[in-house]
Amino acid sequence: EGAPMETWAVRYAASAAMAVHHVNQRVSTLVPRAAELLPANFKLVVDIQDTMAQPSVAVKHVVAWQEEGRHAILGSYRSAVTGPLALAASIESTPVISWGA
């Protein structure tokens, strides 16, 4: 049946952490012009929050993130959560990227 969900979650989290490191350090392995394409003060920050698969929890996180000045959100895998999350984010024109929904 494949690996348990926890194994996949760890892999996804590790992949996200590696991508953030590559962007913030301007690693040119995958994007040779990374250093020249990104502004000098550009930095990605990861803030992982558990939505508990509940749309209302996701929307509360969106409100808090917008108050903190976040500029984009990576949504949940679950459409039932990401839909309301994206709708709430759209109020302040915060883009949402979803890797599964």
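Biologist: What is Ala58 in contact with, leaving aside its neighbours within four places in sequence?

Modeller: In this predicted model, the partners are Thr51, Val81 and Leu85. Contact here means heavy atoms within 4.5 Å, so each of Thr51, Val81 and Leu85 has a heavy atom that close to one of Ala58.

Biologist: And what makes the set with Ala58 in it a nonpolar core?

Modeller: The set holds Ala58, Val62, Trp65, Ile73, Val81, Leu85, Ala88 and Ala89. To qualify, residues must be buried, of the listed nonpolar kinds, and joined through side-chain atoms within 4.5 Å. Buried means under 20% relative accessible area, so these eight residues are each under that mark. Together they form the largest nonpolar core. H3 and H4 are the elements that give two or more residues to this core, and H4 gives the most, with four.

Biologist: Fine, a general point then: why would one look for such a set?

Modeller: Because in soluble globular proteins nonpolar side chains tend to be buried together.

Biologist: How much of the protein counts as buried?

Modeller: Of its 101 residues, 18%. As for the surface, the protein exposes about 7,400 Å², with carbon and sulfur atoms supplying 61% of that.

Biologist: On to Met52. Why is it called exposed?

Modeller: Its relative accessibility is 54%, and exposed means over 50%, so Met52 makes the cut. Met52 sits in the loop between helix H2 (34–37) and H3.

Biologist: What makes the backbone at Met52 worth a look?

Modeller: Its phi is near 55 degrees, a positive value in a residue other than glycine. Most residues other than glycine have a negative phi.

Biologist: Ser93 has a positive phi as well. How do you know whether Ser93 is buried or exposed?

Modeller: Same test: 64% relative accessibility against a cut-off of over 50%, so Ser93 counts as exposed. Its phi is about 60 degrees, although Ser93 is not a glycine. You'll find Ser93 in the loop between H4 and strand E2 (96–98).

Biologist: Now the pockets. What makes a residue count as lining the largest pocket?

Modeller: A lining residue has an atom within 4 Å of a pocket point. By that rule the largest pocket has 36 lining residues, and Val46, Asp47, Ile48, Leu74 and Gly75 lie nearest its centre. About 1,400 Å³ of space lies in this pocket.

Biologist: Which elements each supply at least two residues of that lining?

Modeller: Helix H1 (5–24), helix H3 (55–67), strand E1 (73–75) and helix H4 (79–90). H1 brings the largest share, eight residues. By class, the lining divides into 23 nonpolar, eight polar and five charged residues.

Biologist: How do you know how the lining of the second largest pocket splits by class?

Modeller: Just sort the names: His22, Val23, Val27, Leu30, Val31, Ala34 and Leu38. Val, Leu and Ala count as nonpolar, while His falls among the polar ones, so the tally is six nonpolar, one polar and no charged. About 150 Å³ of space lies in the second largest pocket.

Biologist: Last one: what is the order of elements in the protein?

Modeller: From the N terminus on, they run α-α-α-β-α-β, which covers four helices and two strands. The C-alpha atoms fill a box of roughly 40 × 40 × 20 Å along the principal axes. Among contacts between residues at least 6 apart in sequence, 32% join residues at least 24 apart.

Key: Residues are numbered from 1 along each chain as its sequence is written. This is a predicted model: local features need pLDDT of at least 70, side-chain atom pairs count only at pLDDT 80 or more; totals for chains, interfaces and linings use all residues. Side-chain values use heavy atoms; hydrogens and water are left out. On a 1 Å grid over the protein atoms alone, a cavity is a set of points where a 1.4 Å probe fits but cannot get out, and a pocket is an open set with protein on both sides within 12 Å along at least five of seven lines; lining residues have an atom within 4 Å of a point. Grid points are joined across faces, edges and corners, and a volume is the space filled by probe spheres set on the points. Buried means under 20% relative accessible area, exposed over 50%, partly exposed in between (1.4 Å probe, protein chains only). Accessible areas come from the Shrake-Rupley method with a 1.4 Å probe; for residues, only the protein chains shown count as cover.
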